[in-house]
Amino acid sequence: MEKKNILVTGATGQLGSVLTKMLQRKHGLNNVIASDLKKQEHFEGLFEFIDVTDFDALQESVLKNEITEIYHLAAILSANGEKNPLNTWDVNMKSLFNVLEVSRIHGINKVFYPSSIAVFGDNVKRVATPQSSNLTPSTVYGISKASGENWVNYYYTKYGLDVRSIRYPGIIGYQSMPSGGTTDYAVDIYHKAVKQEPFECFLEASTELPMIFMDDAIRATIELMNAPSEAISVRTSYNVSGMSFTPKQVFHSIQKLYPDFEIKYKPDFRQDIANSWPKSIDDSFAKKDWRWKPEYDLDRMTTIMIKKLRAHYN
Ligand code: NAD
Ligand code: AKB
């Protein structure tokens with residue numbers, strides 16, 4: 001196997017903390033540099049504090065560590081992003097430009113850039129939203145991801161930079177907590193069930209959104225990054241689907257194991273964001289190009305979430 005030195009930005013986050021461990025397992029503890037503004041308490045491996053909006057700090061790490069691949073996960077997500085829109089735009093775009101430029105200048109082999117279902121807004125088919133849909137996002141986060149998709153396509157077309165991207169649905173895992181997103185309720189609800197506390201949901205009972213179990217999200221990322229370059233026909237970002245459900249459906253799935261579990265619905269500003277997103281995603285390009293296939297449905301995910309969180313809290 002060719003030797004890789006991998007830099008992960010945003011490595012302390014919900015996805016980054018799990019993806020970093022998987023990359024360490026695949027490529028060795030000494031070949032993965034985790035970076036973020038903050039560090040996990042018991043992090044094992046190589047870690048650097050890097051603010052990705054600081055080009056010099058990023059470049060110094062890339063050169064010092066002879067980086068060959070970058071997974072650029074650092075971002076401000078949908079709900080938090082609306083609290084300070086201009087700062088969200090600045091952070092999300094500046095960090096992406098720094099990663100693209102450092103990669104172009106220093107000949108990085110591959111870059112991973114996560115996009116989101118947040119790129120979709122009005123004027124799309126809300127069920128099985130097609131790959132090539134109008135992108136009129138309702139949040140600054142979504143605008144930054146839609147622009148980012150076009151920029152990564154530009155760097156591929158203009159400079160041959162091998163950037164690959166997935167429009168993740170809401171990611172649900174037991175390993176880490178989400179922060180600042182509109183799909184966060186779907187992780188929190190499992191923690192409350194296992195702690196035997198009632199759950200207050202910030203979305204209405206019938207709000208259907210695309211979601212994906214963490215293991216599927218990680219596998220999709222690795223499979224896309226390992227796919228032969230000629231198989232990749234989408235250089236903006238791939239639609240990827242896991243499952244779709246409403247708060248009521250996940251509540252019922254949990255109730256099979258916790259019959260006394262209680263839920264109250266108290267929608268807040270995140271309801272408007274969720275209303276602007278697709279209910280489900282058509283991922284036929286990912287299926288065709290790199291044979292994407294999700295393995296987890298709602299009940300299978302619930303069983304694992306509950307089992308792992310019970311072990312965690314007991
Ligand atoms: P997260 O908010 O949990 O983690 C993001 C990390 O980025 C945080 O640890 C934060 O400290 C770090 N960060 C923010 N600004 C930074 C900066 N200037 N320099 C360095 N680090 C900085 O997010 P996540 O859920 O792990 O998401 C990771 C990526 O995946 C994001 O780009 C997000 O848009 C994308 N994504 C996530 C989901 C999901 O459901 N988790 C869905 C779609 C897309
Ligand atoms: C969010 O809710 O902002 C993220 C996402 C779907 O991009 N989880």
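What order do the strands of the open sheet have? The sheet has the order E7-E9-E11, with three strands and mixed pairing. The legends below describe close-up views of a predicted model.

**View 1. The open sheet of E7, E9 and E11 combines parallel and antiparallel pairing.** The edge strands of this sheet are E7 and E11, each of which pairs on one side only. From one strand to the next, the twist averages 45°. Strand E7, residues 170–172, pairs with E9 in the parallel sense over three bridges. In this pairing, Ile-172 stands opposite Phe-213 in E9. Strand E11, residues 243–245, is joined to E9 by three bridges and runs antiparallel to it. Here Met-211 stands opposite Met-243 in E11. Strands of a sheet pair through backbone hydrogen bonds, in either the parallel or the antiparallel sense.

**View 2. Strand E9 is covered on both faces.** Strand E9 spans residues 209–213, and five of its five residues are buried. On one side, the buried residues are Leu-209, Met-211 and Phe-213. On the other side, Pro-210 and Ile-212 are buried as well. Helix H11 lies across E7, E9 and E11, and runs at about 85° to E11.

**View 3. A salt bridge joins Arg-167 and Glu-149.** The closest N and O atoms of the pair are 2.8 Å apart. Arg-167 lies in strand E6 (residues 163–168) and Glu-149 in helix H5, so the salt bridge ties together parts that are 18 residues apart in sequence. Are these two partners buried or exposed? Arg-167 has a relative accessible area of 3% and is therefore buried. Glu-149 is likewise buried, with a relative accessible area of 1%.

**View 4. Glu-101 and Arg-104 form a salt bridge within helix H4.** The closest N and O atoms of Glu-101 and Arg-104 are 2.8 Å apart. Because the two residues are three places apart in helix H4 (residues 85–106), about one helical turn separates them. Glu-101 is partly exposed, with a relative accessible area of 23%. Arg-104 is also partly exposed, at a relative accessible area of 35%. Side chains of opposite charge can pair when their charged atoms come close.

**View 5. Further salt bridges include a pair and a network.** The side chains of Asp-268 and Arg-270 meet in a salt bridge with an N to O distance of 2.6 Å. Asp-268 is partly exposed, its relative accessible area being 29%. A network of salt bridges links Asp-216, Arg-219, Glu-223 and Glu-295. How many salt bridges does the structure hold? The structure holds 14 salt bridges.

**View 6. Trp-151, Tyr-154 and Tyr-159 make a nonpolar surface patch.** The patch has an area of about 300 Å². Tyr-154, one of its members, is placed in helix H5, which covers residues 140–159. The relative accessible area of Tyr-154 is 36%, so this residue is partly exposed.

**View 7. Val-234 is a buried residue in a loop.** The loop that holds Val-234 lies between helix H7 (214–226) and strand E10 (238–239). With a relative accessibility of 10%, Val-234 falls under the 20% cut-off and therefore counts as buried. Which residues are in contact with Val-234, leaving aside its neighbours within four places in sequence? Val-234 is in contact with Gln-131, Phe-285 and Asp-289. Val-234 and Ile-166 are 68 residues apart in sequence, while their C-alpha atoms are 9.7 Å apart in space.

**View 8. Gln-196 and Arg-291 have positive phi angles.** Gln-196 has a phi of about 55°, although it is not a glycine. Gln-196 is found in the loop between helix H6 (185–194) and strand E8 (199–201). With a relative accessible area of 63%, Gln-196 is exposed. Arg-291, not a glycine either, has a positive phi of about 60°. The loop between helix H10 (284–290) and helix H11 (298–313) is the place of Arg-291. Arg-291 is exposed, and its relative accessible area is 71%.

Terms used. Residues are numbered from 1 along each chain as its sequence is written. Chains are lettered from A and ligands numbered from 1 in the order in which they are written. This is a predicted model: local features need pLDDT of at least 70, side-chain atom pairs count only at pLDDT 80 or more; totals for chains, interfaces and linings use all residues. Side-chain values use heavy atoms; hydrogens and water are left out. Patches are made of residues with over 30% relative accessible area and no salt bridge: like charges are joined within 9 Å, nonpolar side chains (Val, Leu, Ile, Met, Phe, Trp, Tyr) within 5 Å. Accessible areas come from the Shrake-Rupley method with a 1.4 Å probe; for residues, only the protein chains shown count as cover. A salt bridge is a side-chain nitrogen of Lys or Arg within 4 Å of a carboxyl oxygen of Asp or Glu. Helices (H or I, at least four residues) and strands (E, at least two) are DSSP runs, numbered from the N terminus. Buried means under 20% relative accessible area, exposed over 50%, partly exposed in between (1.4 Å probe, protein chains only). Two strands pair if DSSP finds at least two bridges between them. Contact means heavy atoms within 4.5 Å. Axes are lines fitted to C-alpha atoms, for helices over the stretch in contact, and angles run from 0 to 180 degrees between N-to-C directions.
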